[in-house]
Each structure stands twice: as C-alpha cells, then as structure tokens.
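Biologist: Thanks for sitting down with me. Could you walk me through this one, helix by helix and strand by strand?

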Amino acid sequence: MHAFEESDSGVVPMNRLNKDGEPSAEGEEGRLLIKENILQSSTHSTQSEVRVSQGLEGVRKAAKEGKEKQFTALLHHMTVGLLRDGFYVLKRKAAPGVDGVTWAEYETGLEDRLVDLHSRVHRGAYRAQPSKRVFIPKPDGRQRPLGVAALEDKIVQQAVVTILNQIYEEDFRGFSYGFRPGRSQHQALDALHTALTRKKVSFVLDADILGFFDNLDREWMLKFLQHRVADPRILRLIQKWLEAGVMEEGEWKDTGIGTPQGSVISPILSNIYLHYVFDLWVDVWRKKCARGDVVVIRYADDNVMGFQHRAEADRFLDELRGRLKKFGLELHPDKTRLIEFGRLAELNRKQRGEGKPETFDFLGFSHICGKDRNGDFAVKRHTIGKRLRAKLAEIKQQLRMRMHDPVAQTGKWLKSVVQGYFNYHAILGNMESLCIFRYRAMRLWRQTLVRRGQKHHLNWARLKQLEALWLPKPRVLHPWPSVRFDAIHPR
C-alpha cells in the first residue's frame, strides 16, 4: 500500500483509516455525505492567539492541499513554547479546577512546570483530571452545567486545539461561525441578515439541538477525528479528556456520553462533530434536494436556516431529525420552530387574515420582519428582552455587594459593564434598547446609593453629574451588516 513519507506534517492517504475493520462514518453516507468555565467561554480568542510555528504552518498547508490526508505525526508539534503560549492565553482570573491551582500560582516557576508537563505528555505519564462541575443561571431561570478543568488540562488542551485548528480550519464550511479563529458572533449575525435580505427566503427554521454537549456520542467523535488524525497519541489525549468524568460535591461521576461544556477542547470537538453530522450533510442536501434558495448559518449547536419553499423546509426538518437521531442527538422540542419570515411573509399572512409574522431569536437578538424608510423589506434586530432583564438583575445583585464601596470605584466598575454591554448590542436599529438599559442601570445605582444613607447628596444635579461622568452614552458601534459582510467576503 502506498504511503506518504512521514514529514513535519505527517500525512498518509485517507485509505489508511479504520484498520480495525469498522465502517467509516463518512463511508456509510458516501464520500460526499459526510459553552473551561463561563468566564473562559470566549474561546475564539483563546483558540486563535497562540503563535503558530513554521511546522504547524506546514500542517495547514498539507491539510489544504490534501482534503483526504491523514496526519500521523502531530504530537511533536506540542513543544514547551506551544504550552507556554497556551498558558498565557488562558483567563488569569478563571476559577480553579479540582487541582485548586490558580493561574497566578502556576506562573511561579512556570518554565520548570512546563518542561515537566511537556515531558509527561510525551512519555505518556500525563493523566487528565476530572472537571469540577459548577452551575450558572440561564436567562430562563434554569441552571447550565459547566465543567471547570484543572489548569494543566487547560494548557495541554489549548495546545491540542492550536494543532487541530491547522487541519480543520481548511475543512470547516463557511457557514460555521462558532468558536473559530477570526470569526465572531457578529459575523454570523451579518451573514444571517445579508442572507435574509438578499436571498429568496420566505420561511426560517430556528433549530436548537437538545443538550448537545451532554449527548455528544464519544465513539462517533473518535471516528470522526480519525478521518484526519491518525496520531494515536493525540487521539489518546482526547479520549482521556472525554473519559475523565466530573467531580460534583466531592463525588466523581462518569458521564458516559458528552463532553464537559466550558472546557477548552469542547468547542473544536463540537465543531468537528457537527461538521460531519450536519455541515457536510446539509451542503449536499441543498445541492441535490432543494429547488429554491436555502441558506444556512450555524453558531456551535444553534442553527438558523432560510428556505424559499415551505415544502422543502418541512422535508428538511423531517430528514434532519432522522439524521441527528443516527448520531445520538435530537432537536429541542420547544426551541425548534419553523416560521414564515421574509419579504413576502407579511403580505401572505395578511391575505390569509393572519397576524404579523413571528419573530425568532439568534445570538442575543430578536429578528423581526419590518420596513425601511422607503417602505422596502428590512430585518429589524432588537436585544432579546429576557437577556436585557437578566443582565440588569445581575447588575442589581452586584451593586448590593458594592453598596459601601466608594462612589468612584463603583462608577468605574459600572462604566465597564455598560460599555461591555454596548460593545456587543450596539447595532443599527437597537438604540432604544441601549437607552433603556443605560437608564435602568443608572436607576439601580441610584437605589443603591439611597439605601446606604446618602439621600441628601442625590439631588438631580448630583445624579446628572454621576451619569455624565460614569455612564457611556449609547451609539452605534457596528456597521450595516451587508457592508461588513461584503468587506469580509468581497466575492
């Protein structure tokens, strides 16, 4: 059997896959059918800011040139330098895992620690530790389980993510935006807005996968990885993290399936899983089965699709359920909706004697059928109401804890919070929501100051002075979606 010589990139032909005789996950479909803790969930930055060595650039070049190549020698790219870079992109104030080691503590004697860690990884003595299970409140009142990994696990995972990115960034589809280097939520929002206004979309499918991270099938995950990764040492590392389990209230639990949501490695594993389960399949479906326009935007496990024809949307939804079931997944029954939405939706519903078109939520914004100043179809986007209320509730709680802090200290903190909120939500057409948020944040601060007994200092002049000094004024910070989309995608 012909094989490439093992080089710096370490590649072999795809036909070296599945030597144990098990069927290829890709082969079954035919060759073509193929959220670390909450403070550390901004993984697109932690996955992209590590410096890429010349050897890793060779991996990326080989991945681009050979879409069916396997990489047999990847672990040697995990150098002390790569581990160091991975350490420095971790959040410094993130909560410690079961090891109890903080970022600052590990930095003491860092070089010796990294040399020892590098040695343990390469000689097979490294052991993955269970993640610490924590729960954070969701906007709907439920609790979201997160897994906080031990610090050394985060460092090694970050190094593996950097290596895997060189391969999979050449494979991932353009409509996949979640947790990828150089991609953001606003780019996904821009792409969706541009598609809804330029394509013949009359129906929108808002599809949410139920408990995706908790139900990811590990056997399928490893099979998917083996399409590109044939270095058993990298595969063993990933398997160790998947099987490390979680510690909850001092008790170890083997989850059996899934990957801890919030870990450094989870985002790229989820993208790889959905690349094979959803992205490649939907790409073929819309080319072979659809007659009208079909648009796709995916951010992690949250999908929005636009269809020109209702019959095709119904057919796709039915086949999608079957596709996901095959790989241990299902759509969320309450969060998955097929609605009439688009330039003709309001007219068609009016002719049938029905009300205004329904709205759908995506990445923090409610999307609404509307009109521009010329009376033409436009997509309006407003901050989701429950998200705004949840943020204000969080500010209220924090202000109570800071009640007796100096006014300037609290003002500085509140300024950063409000500005951070504006940085994400300050899009065209959302100015009213920004003004409401600023006004209510100021009102909460006033209530806190009154409660601590400074009522005689809070005349209107003083309030206006505090507001002008500490609360930034709302202004649009993001360009028109199609302008930014066209700049990024000039074709």
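Modeller: Happy to, and do keep in mind that this is a predicted model. Let's start with helix α17, residues 431-451.

Biologist: What span does α17 reach from its first C-alpha to its last?

Modeller: Helix α17 has 21 residues. At 1.5 Å a residue, 30 Å is expected. The model comes close to that, at 31 Å.

Biologist: Within what arc do the buried residues of α17 fall, seen down its axis?

Modeller: The buried residues of α17 include Leu434, Phe437, Ala441, Trp445 and Thr448. They line one face of the helix, because their directions seen down the axis fall within an arc of 165°.

Biologist: Which residues of α17 are exposed on the other side?

Modeller: Exposed here means over 50% relative accessible area. On the side of α17 away from the buried residues, those that pass are Glu432, Tyr439 and Arg451.

Biologist: And what covers the buried residues of α17?

Modeller: The cover includes a strand, β13 (377-383). Helices also contribute, and they include α15 (385-401), α16 (407-425) and α18 (460-470).

Biologist: Let's turn to the sheet. Which strands stand at its edges?

Modeller: This is an open sheet of four strands with antiparallel pairing, in the order β8-β9-β5-β10. Two strands have a single partner each, so one side of each is left without a neighbour in the sheet. Those edge strands are β8 (294-299) and β10 (337-340).

Biologist: Which residue in β9 stands opposite Val294?

Modeller: Strands β8 and β9 (residues 302-307) run antiparallel and are joined by six bridges. Opposite Val294, in β9, stands Phe307.

Biologist: Helix α13 packs on the sheet; what angle does its direction make with that of β9?

Modeller: Helix α13 (residues 310-326) touches β5, β8, β9 and β10. Another helix, α8 (residues 185-198), also packs on the sheet, and its direction makes about 165° with that of β8. For α13 against β9, the angle is about 150°.

Biologist: On to the nonpolar cores. Which helix gives the largest share of the largest core?

Modeller: That core has 79 residues, and Met78, Tyr273 and Phe316 touch the most other members. The largest share, 12 residues, comes from helix α12 (residues 266-288).

Biologist: How many residues are in the second core?

Modeller: The second core is separate from the largest one. Val295, Ile339, Phe341 and Cys369 are among its members, and its size is 26 residues.

Notes. Residues are numbered from 1 along each chain as its sequence is written. This is a predicted model: local features need pLDDT of at least 70, side-chain atom pairs count only at pLDDT 80 or more; totals for chains, interfaces and linings use all residues. Side-chain values use heavy atoms; hydrogens and water are left out. A nonpolar core is a set of buried Ala, Val, Leu, Ile, Met, Phe, Trp, Tyr and Cys residues joined through side-chain atoms within 4.5 Å. Buried means under 20% relative accessible area, exposed over 50%, partly exposed in between (1.4 Å probe, protein chains only). The expected span of a helix is 1.5 Å times one less than its number of residues. The arc is that of the directions from the helix axis to the C-beta atoms. Contact means heavy atoms within 4.5 Å. Two strands pair if DSSP finds at least two bridges between them. Axes are lines fitted to C-alpha atoms, for helices over the stretch in contact, and angles run from 0 to 180 degrees between N-to-C directions.
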